[in-house]
Amino acid sequence: QVQFVESGGGLVQPGESLRLSCAASGRDFDLYGMAWYRQTPGNQRDVVAGIRAGGKTHYSESVKGRFTISRDNSIHTVYLQMNNLKPEDTANYYCNAAMGETWYPMFDSWGQGTQVTVSS
């Protein structure tokens, strides 16, 4: 059973930065694509950024140029560096292994997520 533990969220002002971490348990982490998703109350969970097993990255248009996804396979962790944060980035952020062109989440076992709030 794969488990994900997200951390690093918080309350920041517009223009500030945060770095989220996602620690994954289970086997074969280095074989999976990984993605960050975000969700606000009443809305679906949308992909924000993804990174393939080989390192190729993908970003949604709303975060391109501001967010950077990376991974450290040696410690089964994926990161999301978020710069120049905007109020519309406020959401609960989750990670999961992901596949396909749409970064479809592979596992039903979501973590608690980490809340990011951007407000002045």
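Strands, like helices, are taken here as DSSP runs, a strand being a run of E with at least two residues, and they are numbered from the N terminus. The exercises below apply this to a predicted model.

**Exercise 1. Describe the overall make-up of the chain, and explain how its radius of gyration bears on its compactness.**

Solution. Begin with the secondary structure: the chain holds 0 helices and 11 strands, and reading along the sequence therefore gives the pattern β-β-β-β-β-β-β-β-β-β-β. Next, take the radius of gyration, which is 13 Å and close to the 14 Å that the globule rule gives for 120 residues, so the chain is as compact as a globular protein of that length. The C-alpha trace spans about 40 × 25 × 25 Å along its principal axes. Finally, of the 120 residues in the chain, 42% are buried.

**Exercise 2. Work out which strands stand at the edges of the sheet that contains β1, and why one side of each is left without a neighbour.**

Solution. Write down the order of the open sheet, in which 4 strands follow one another as β1-β3-β8-β7 with antiparallel pairing. The strands at the edges are β1 (4-7) and β7, and because each has a single partner strand, one side of each is left without a neighbour in the sheet. From one strand to the next, the twist averages 15°. To look at one pairing in detail, take β1 and strand β3 (residues 18-24), which are joined in the antiparallel sense over 4 bridges; here S7 has S21 of β3 as its bridge partner.

**Exercise 3. Determine which side chains of strand β11 are buried, and which strands pair with β11 in the parallel and in the antiparallel sense.**

Solution. Start from the general expectation that side chains in a regular strand alternate between the two faces of the sheet. Strand β11 (residues 114-118) shows such an alternation, since T114, V116 and V118 point to one face and are buried, whereas Q115 and T117 point to the other face and are not buried. Then turn to the neighbours: strand β2 (residues 10-12) pairs with β11 in the parallel sense over 3 bridges, and V12 has V118 of β11 as its bridge partner. Strand β9 runs antiparallel to β11 and is joined to it by 3 bridges, with A91 and V116 as bridge partners.

**Exercise 4. Find the loop in which H76 lies and the loop in which W103 lies, and classify each residue as buried, partly exposed or exposed.**

Solution. Recall that most residues other than glycine have a negative phi. H76, which is not a glycine, nevertheless has a positive phi of about 50°, and W103, also a residue other than glycine, has a positive phi near 55°. H76 lies in the loop between β7 (67-72) and β8 (77-82), while W103 is placed in the loop between β9 (91-99) and β10. For the classification, buried means under 20% relative accessible area and exposed means over 50%, with partly exposed in between. H76 therefore counts as partly exposed at 26%, whereas W103, with a relative accessible area of 4%, is buried.

**Exercise 5. Identify the residues of the nonpolar surface patch that includes Y104, and decide whether Y104 is buried or exposed.**

Solution. The patch is formed by M99, Y104 and M106, which together have about 310 Å² of accessible area. Y104 belongs to strand β10 (residues 104-105). Its relative accessibility is 53%, and because the cut-off for exposed is over 50%, Y104 counts as exposed.

Terms used: Residues are numbered from 1 along each chain as its sequence is written. This is a predicted model: local features need pLDDT of at least 70, side-chain atom pairs count only at pLDDT 80 or more; totals for chains, interfaces and linings use all residues. Side-chain values use heavy atoms; hydrogens and water are left out. Patches are made of residues with over 30% relative accessible area and no salt bridge: like charges are joined within 9 Å, nonpolar side chains (Val, Leu, Ile, Met, Phe, Trp, Tyr) within 5 Å. Accessible areas come from the Shrake-Rupley method with a 1.4 Å probe; for residues, only the protein chains shown count as cover. A salt bridge is a side-chain nitrogen of Lys or Arg within 4 Å of a carboxyl oxygen of Asp or Glu. Buried means under 20% relative accessible area, exposed over 50%, partly exposed in between (1.4 Å probe, protein chains only). Two strands pair if DSSP finds at least two bridges between them. Axes are lines fitted to C-alpha atoms, for helices over the stretch in contact, and angles run from 0 to 180 degrees between N-to-C directions. The radius of gyration is taken over C-alpha atoms; the globule rule is 2.2 Å times the number of residues to the power 0.38.
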